[in-house]
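Trainee: I should like to go through this structure with you, one question at a time.

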Amino acid sequence: MYRFLLTPRWWGINVFAVLAIPLCLFMGSWQLSRFEDRVDNHQQQEDRSARAKTAAARPLADLLPVNTVTSGRQTSARGHYDTAHQLLVPGRTLKDRHGGQQGFYVLNLLRTDSGKALPVVRGWLPGDAGAKAATARVPAPPKGEVTVTGALQASENQGTDGVQAGGGLPQGQLGMISAASLVNIVPYEVYDAWITLTDAQAPLHAVPPAAAEGSGLDLKAFQNLGYTGEWFVFAGFVVFMWFRLFRRDAEAAKDAALGIVPEGDGDGDASRAGEPGERQAGGGDAAAGDVPQGEGKAGERGDERGADRGEARGTDQGADRGEAQREGQAAGQDEGRGEAARAGKA
């Protein structure tokens, strides 16, 4: 009954199912592992940030380049501020227990003994970076040689929250904190990193360090979780369709073994089988609707002519037979009269 499984069609279905189901399970498991890795990285980043707040600051050169391990670590650098190139970073939100408030960062470049400059976010102020009332509150940076301590951060990119990469900002403002954007503003080299001060000068508010890119529970992490569900659903759909096709063909094979012909096929066979008989009974006439109108009229005329000829032949034959009977009767009467006459003479 299950011989249909050996047909080429079912060979293709079985091969597809055998390959598709493990593939879907593998991809779903891989996406789930990616989500779990992001959760673990997020937890590790939070633990490192908590330890970094109490850990001793390390020299900047020991923590470069910035990665997921060194991001958020406390570092120290020594130099003097470039007061001629103080920059404001607009459109930045500082989150607290009351929510988020729009404001701007105050950024200065620290010229180190190595010749490179380190971008330092001295703090955050609420308001519009283009308003004079807000910018008037910005305190001047310390003069002379200073030692700064803060959380190390990686350069921002176009995907970082709050970044304005489109340009068009007025002079003295910066849309993205990165070495690539600063190299066209200052005439010296800049580290591919920046720090946010732990202790901000009043009235500035300290900016908390951000989690390293790819280490938090961001949209990409939840996309991995969504892809996990999709791949497992695909695997279940393949199994469902295989059993559905198998059940349909198995029932068809069982019906065929019992001699049960589908209703549509039986009607078609009966109609095809009845066609020759109808044609013989009709004397070769075509089925109604298949014969053109002209041919139907010609057949009707032929039938009428045949009927007329048959009637004429029958009439002629009947007349001939009637004449022959009358002649026979006359001859019999003549013979009877002759015998009677001979008998009378005798």
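Trainee: How many helices and how many strands does the protein have?

Mentor: This is a predicted model, in which local features need pLDDT of at least 70 and side-chain atom pairs count only at pLDDT 80 or more, while totals for chains, interfaces and linings use all residues. Residues are numbered from 1 along each chain as its sequence is written, and side-chain values use heavy atoms, with hydrogens and water left out. Helices (H or I, at least four residues) and strands (E, at least two) are DSSP runs, numbered from the N terminus. From the N terminus on, the order is α-β-α-β-β-β-β-α-β-α-β-α-α-α, and the protein has seven helices and seven strands.

Trainee: What percentage of the residues in the protein is buried?

Mentor: Buried means under 20% relative accessible area, exposed over 50%, and partly exposed in between (1.4 Å probe, protein chains only). Of the 346 residues in the protein, the buried share is 27%.

Trainee: Is Gly79 buried or exposed?

Mentor: Gly79 belongs to strand β2, residues 74-81. Leaving aside neighbours within four places in sequence, its contacts (heavy atoms within 4.5 Å) include Leu110, Thr112, Gly144 and Val146. The C-alpha atoms of Gly79 and Thr112 are separated by 4.4 Å, although the two positions lie 33 residues apart along the chain count. With a relative accessible area of 2%, Gly79 is buried.

Trainee: Which residue offers its backbone nitrogen to the side chain of Gln153?

Mentor: Gln153 is found in strand β6, residues 145-154, and is buried because its relative accessible area is 4%. Beyond four places in sequence, its contacts include Val66, Ser71, Trp194 and Pro209. The side chain of Gln153 reaches a backbone nitrogen at 2.8 Å, and that nitrogen belongs to Ala210.

Trainee: Which residue meets Arg9 in a salt bridge?

Mentor: A salt bridge is a side-chain nitrogen of Lys or Arg within 4 Å of a carboxyl oxygen of Asp or Glu, and the structure holds five of them. The pair in question links distant parts of the chain, from helix α1 to helix α5 (residues 219-257), 240 residues apart. Arg9 is partly exposed at 42% relative accessibility, whereas its partner is buried at 14%. The N to O distance is 2.8 Å, and the partner is Asp249.

Trainee: Which residues are joined into one network by salt bridges that share partners?

Mentor: Asp249 also forms a salt bridge with Arg248, the closest N and O atoms being 3.5 Å apart. Arg248 is partly exposed, with a relative accessible area of 47%. The shared partners give one network of Arg9, Arg248 and Asp249.

Trainee: How far apart are the closest N and O atoms in the salt bridge of Glu251 with Arg247?

Mentor: Both residues lie in helix α5, four residues apart, about one turn of the helix. Glu251 is partly exposed at 43%, whereas Arg247 counts as exposed at 58%. The closest N and O atoms are separated by 3.3 Å.

Trainee: What is the area of the nonpolar surface patch that Trp11 helps to make?

Mentor: Trp11 is found in helix α1, residues 8-54, and counts as exposed because its relative accessibility is 52%. Nonpolar patches join side chains of Val, Leu, Ile, Met, Phe, Trp or Tyr within 5 Å, from residues with over 30% relative accessible area and no salt bridge. Leu6, Val15, Val18 and Leu19 make the patch together with Trp11, and its area is about 570 Å².

Notes: Polar contact = N/O pair within 3.5 Å; in protein donor to acceptor, adjacent residues only side chain to side chain. Patch = residues over 30% accessible without salt bridge, like charges linked within 9 Å, V, L, I, M, F, W, Y side chains within 5 Å. Areas by Shrake-Rupley, 256 points an atom, 1.4 Å probe, with all protein chains shown as cover.
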